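Got your viewer open and ready to click around? Let's take a tour, one selection at a time.

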Amino acid sequence: MTNLDHGKFTRMTTTFHSLLALDVFALFFTGYAIMFNDHLWWLLVLMGGNVGVVALHRIAGLGLVALVTFWVVMMLITDTGRSNFRKVVPTGDDIAAFVQDVKFMLGRADERHPNARQFAGYDSDEVPLLSYVGKGVVFIFAIELTLLVISGLLIWSKTGLMQYFATKTAAMAFVVFHGLLGIIMLMGVMFHIFEHGFHPAFYPLETKAFIPRRMIPESHDDEDVEGTGIERLSLAPSWNLVANLMGVLVTVGIVSVMTASIVDEGYPVPRELAVEGGVIELLLTIGINIGIFVLFVGLVLSLYGNVIRRRWERQLQEQRERPTAGDGEVASAED
Amino acid sequence: MSKSNQEVMGDGVMGVGENTRIFPDVEACIDCGGCVVACKRTWDVPRDEQRISISTMLEGQEGEGGLNASSGRAMEQGTSPGETSIPMQCYHCDNAPCVSVCPTDSLVSMEDGFVNVRDSLCIGCQYCLSACPFGAPQFPDSDEGVADIVGSGGTMDKCTMCDERQEVGKGPACAEECSTDAILVGDATQIADELERRDSGVFFNDVAMEIIFGDDAEAF
Ligand code: SF4
Ligand code: SF4
């Protein structure tokens, strides 16, 4: 066993993460099938055609409202919720960590700030529950999802929208906002998938968001090892190829989605501002489909995370029944 | 039509085909509903849908300053036009907001300047309804099946400007039928000139005119 079991989440957080991922993927697959309907015609058909797709999108939207409401209530009424919330609130150290990271990239700092530590290579007590990047992800996703829910509900109910905003301009602003924010969120999610799926120490998946903390031992009493444990890992042979490939796919996906939303006449960028498509239309079609492929990989990884959790549970179970025999195998559950 | 009247009012339909616009002369409209009937009969429009409808505003009220029969002039002068009936339909805008906002490109500005709905692409999101300043988009299937359950709009339907009739040289059914020639069909200059000749004002504000006619709005 290595020293990688830092940043542990409760069972509720891991379950919530999985459900949220499923729901958000459903929203993305339907939403992008609508927005990029000419590039993702096959997805539109799979999602129930032009009538079914809106129905699915709205049902998933209601699912999101339910999940978010549940989460907010839990944050407020449980002790763990409140303490988790405190751990997510950004501090001065997080800003310092960001600044130091920029310096680090420029070669002006020797090491990364403790609040930037997220992955292997440190003792687990040196690593915060969430790095500043992790906190950023939580906050950005939370804000984006809230705004998407609000604008989505307003767009859904035409009369509600008109009643509150009285002018067509305001109503249209919400429609466009919903689309643009969706694109920004897509880029963030692609990055999130890459970040947590293709790190050399965790490839093909960082398990902390899937295996609840009470299933992870607090100490490593099996052996007394010097070092952080990272030196005991060996790099998966396929990592290099797969990580590079996914890096390229994520980049192509993000760039295409961004470009297509500008080039594509009409929604969400007004016609007057749109650049003419023409020749690059084909490239964009490929690029956007690559983006959807990246999302699909994310969905598969999210499901795989739960498979790993099941395996982990089973091994713990066996270990409990045969106290010594299982030790070696637990470590291999990380693969 | 008597000879003296003919000198004042020309035909509503002045031209058809490419770059033809459709625009109401509200001062001529007497709210008889002839256009509505003509449209329904021509296209078999279902009972609970109207591709053209007459909106009557300030019902029973008198216009200010003797402008009772000159709603357009009253609007231009910023005074109350009194009871006015406006034939509302899709004006096939030059700067069509509905086309801009349709996420599936189901609404398109055709080469000939007409705005078309491609039924097979429409997802019933009703963004066009939010965008259209004239309330043209209709959703006759909005309470059917899945559309009803999830609150989507079914497929959008609106005035086609009788493009099929125009292809064979006929004017839109509503304009041909209108007994007072209150629906003007022709290019922007023809419409502007005809309104001028009738001494009818433009009932819509500059923003709306800019949306409908684009650069040609200057003709008015
Ligand atoms: S905005 Fe309304 S009136 Fe203008 S083209 Fe679209 S549907 Fe017709
Ligand atoms: S309802 Fe149909 S035509 Fe109107 S914006 Fe939505 S997809 Fe386009």
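Where is the place of B:Met161? Select B:Met161 and you land in the loop between helix H6 (145-150) and helix H7 (163-167) of chain B. Helices and strands here are DSSP runs (H or I over at least four residues for helices, E over at least two for strands), numbered from the N terminus.

Before you click on, note that this is a predicted model, where local features need pLDDT of at least 70, side-chain atom pairs count only at pLDDT 80 or more, and totals for chains, interfaces and linings use all residues. Residues are numbered from 1 along each chain as its sequence is written, chains are lettered from A and ligands numbered from 1 in the order in which they are written, and side-chain values use heavy atoms, with hydrogens and water left out.

**Stop 1: unusual backbone angles**

Most residues other than glycine have a negative phi, and most peptide bonds are trans. B:Met161 has a positive phi, near 60°, and is buried at a relative accessible area of 1%. (Buried means under 20% relative accessible area, exposed over 50%, and partly exposed in between, using a 1.4 Å probe and protein chains only.)

Now pick B:Asp105, in the loop between helix H4 (97-101) and strand S4 (107-109) of chain B. B:Asp105 is not a glycine, but its phi is positive at about 55°. B:Asp105 is buried too, with a relative accessible area of 18%.

Hop over to chain A and select A:Tyr203 and A:Pro204: the peptide bond joining them is cis, with omega near 5°. A:Pro204 sits in the loop between helix H8 (168-197) and helix H9 (239-263) of chain A.

**Stop 2: salt bridges**

Side chains of opposite charge can pair when their charged atoms come close. Counting a salt bridge as a side-chain nitrogen of Lys or Arg within 4 Å of a carboxyl oxygen of Asp or Glu, there are 12 over all chains.

Select A:Glu313 with A:Arg11: this salt bridge has its closest N and O atoms 3.1 Å apart. A:Glu313 lies in helix H10 (residues 281-321) and A:Arg11 in helix H1 (residues 11-35) of chain A, so the pair ties together parts that are 302 residues apart in sequence. A:Glu313 is buried at 17%, while A:Arg11 is partly exposed at 30%.

Add A:Arg310, which also forms a salt bridge with A:Glu313, with closest N and O atoms 2.6 Å apart. Both residues lie in helix H10 of chain A, 3 residues apart, or about one turn of the helix.

Next, in chain B, show B:Glu194 and B:Arg197, a salt bridge at 2.9 Å between the closest N and O atoms. They are 3 residues apart in helix H9 of chain B, again about one helical turn. B:Glu194 is buried at 3%, and B:Arg197 is partly exposed at 45%.

**Stop 3: two cysteines**

A disulfide is a covalent bond between the sulfur atoms of two cysteines. How many disulfides does a search of the whole structure find? The result is 0 over all chains, with the cut-off being a pair of cysteine sulfur atoms within 2.5 Å. Select B:Cys32 and B:Cys178: the sulfur of B:Cys32 is 6.1 Å from that of B:Cys178, its closest cysteine sulfur, which is too far for a bond. B:Cys32 is exposed at 51% relative accessible area, whereas B:Cys178 is buried at 14%.
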